[in-house]
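Here is a short tour to follow with the structure open beside you. Rotate the view as you read and look for each residue when its name comes up.

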Amino acid sequence: IADRLGVEASELISLFGLETGGKYDPSIQNSIGATGLIQFMPSTAKGLGTSTRALSRMSGLQQLDYVYKYLDQGKKPYNDITDLYMQIFYPRARSEDAGFVIGSERSDRYAKKVAQQNPYFSNRGAKEYITKADVIAKVEKRASKFA
């Protein structure tokens with residue numbers, strides 16, 4: 001699937017590690033119900049014709065079909081690993097500059113909620129908002145750990 005997406009397989013695999021905390025477990029679920037190798041949200045899974053429950057019961061190999069289906073919807077090419085990760089984490093931010101506040105296009109309240117739900121990017125809640133630059137910095141720092 002990496003070849004079909006035009007990305008390096010090692011980068012894709014490292015993002016699975018980042019999303020699963022290094023477990024690479026397709027059944028892993030976070031506190032807000034995101035599930036699997038790229039932490040599919042329930043609404044995302046539904047849009048792909050499945051559910052997080054079904055995804056959690058799949059093998060990693062089976063789930064890759066949905067990873068591909070999801071990532072193939074993104075604007076190609078993916079320029080680098082952070083561009084690919086933004087498609088996974090917050091696709092709207094791919095076209096924004098580094099200072100873009102994640103969730104701000106919806107509302108201030110939503111941007112704060114996104115930061116609360118993603119303490120890794122908000123420095124364990126120390127930041128009220130997270131920017132695209134915050135996400136990029138963490139991805140660049142951690143993704144190679146999982147490659």
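## Tyr78 and its surroundings

In this predicted model, a polar atom of the Tyr78 side chain lies 2.4 Å from the backbone oxygen of Leu71. Tyr78 itself belongs to the loop between α5 and α6. Is Tyr78 buried or exposed? Its relative accessibility is 5%, and the cut-off for buried is under 20%, so Tyr78 counts as buried.

Leaving out residues up to four places away in sequence, Tyr78 touches Leu5, Val7, Leu71, Asp83, Leu84, Gln87 and Arg94. Leu71 therefore appears both in this list of contacts and as the owner of the backbone oxygen at 2.4 Å. For Arg94, you can also check the backbone: its C-alpha atom is separated from that of Tyr78 by 9.6 Å, with the two residues 16 apart along the chain.

## A cis bond in the loop

While you are in this loop, look at the peptide bond between Lys76 and Pro77. This bond is cis, with omega at about 0 degrees. Pro77 sits in the loop between α5 and α6, where Tyr78 is also found. As a reminder, most peptide bonds are trans.

## Helix α6 and its cover

Now follow the chain into α6. How many of the residues of α6 are buried? The count is nine of nine, and the helix is mostly covered. The buried residues are Ile81, Thr82, Asp83, Leu84, Tyr85, Met86, Gln87, Ile88 and Phe89. What covers them includes α2, α5 and α8.

Phe89 is worth a click. Not counting neighbours within four places in sequence, Phe89 is in contact with Ile102, Asn118, Phe121, Ile130 and Val135.

## Where α6 meets α8

Two packed helices are described by the angle between their axes and the distance between the axes. For α6 and α8, the axes come within 10 Å and cross at roughly 120 degrees. The crossing is right-handed.

Which residues make this contact? On the α6 side they are Thr82, Tyr85, Met86 and Phe89, and on the α8 side Lys132, Val135, Ile136, Val139 and Glu140. These residues divide into six nonpolar, one polar and two charged.

## The nonpolar core

The largest nonpolar core has 38 residues. Those with the most contacts inside this core are Leu15, Phe40, Leu71, Tyr85, Phe89, Ile102 and Val135. The elements giving two or more residues to the core are α1, α2, α5, α6, α7 and α8. Among these, α6 gives the most, with six residues.

## Helix α2 and the loop after it

Helix α2 spans residues 9-19, and its buried residues are Leu12, Ser14, Leu15, Phe16, Gly17, Leu18 and Glu19. They pack against α1, α5, α6 and α8. Just after α2, Gly21 takes a positive phi of about 65 degrees.

Thr20 is in the loop between α2 and α3. Thr20 is buried, with a relative accessible area of 3%, and its side chain reaches the backbone nitrogen of Tyr24 at 2.8 Å. Apart from its neighbours within four places in sequence, Thr20 is in contact with Asp25, Ile28, Gly36 and Leu37.

## Positive phi away from glycine

Most residues other than glycine have a negative phi. Tyr24 has a positive phi, near 55 degrees, and Gln39 has a positive phi of about 55 degrees. Both belong to the loop between α2 and α3. Is each one buried or partly exposed? Tyr24 counts as partly exposed at 32% relative accessibility, whereas Gln39 counts as buried at 11%.

## A last stop at Ala115

Finish in helix α7, where you will find Ala115. Ala115 counts as buried, at 2% relative accessibility. Setting aside residues up to four places away in sequence, Ala115 touches Ser122, Lys127, Glu128, Tyr129 and Ile130. The C-alpha atoms of Ala115 and Arg94 are separated by 17 Å, with the two residues 21 apart along the chain.

Methods
Residues are numbered from 1 along each chain as its sequence is written. This is a predicted model: local features need pLDDT of at least 70, side-chain atom pairs count only at pLDDT 80 or more; totals for chains, interfaces and linings use all residues. Side-chain values use heavy atoms; hydrogens and water are left out. Buried means under 20% relative accessible area, exposed over 50%, partly exposed in between (1.4 Å probe, protein chains only). Helices (H or I, at least four residues) and strands (E, at least two) are DSSP runs, numbered from the N terminus. Contact means heavy atoms within 4.5 Å. A polar contact is a pair of N or O atoms within 3.5 Å; within protein, one must be able to donate a hydrogen and the other to accept it, and residues adjacent in sequence count only if both atoms are side-chain atoms. A nonpolar core is a set of buried Ala, Val, Leu, Ile, Met, Phe, Trp, Tyr and Cys residues joined through side-chain atoms within 4.5 Å. Axes are lines fitted to C-alpha atoms, for helices over the stretch in contact, and angles run from 0 to 180 degrees between N-to-C directions. A crossing is left-handed if the near helix is turned anticlockwise from the far one by less than a right angle, and right-handed if clockwise. Ala, Val, Leu, Ile, Met, Phe, Trp, Tyr, Cys and Pro count as nonpolar, Asp, Glu, Lys and Arg as charged, and the others, Gly among them, as polar.
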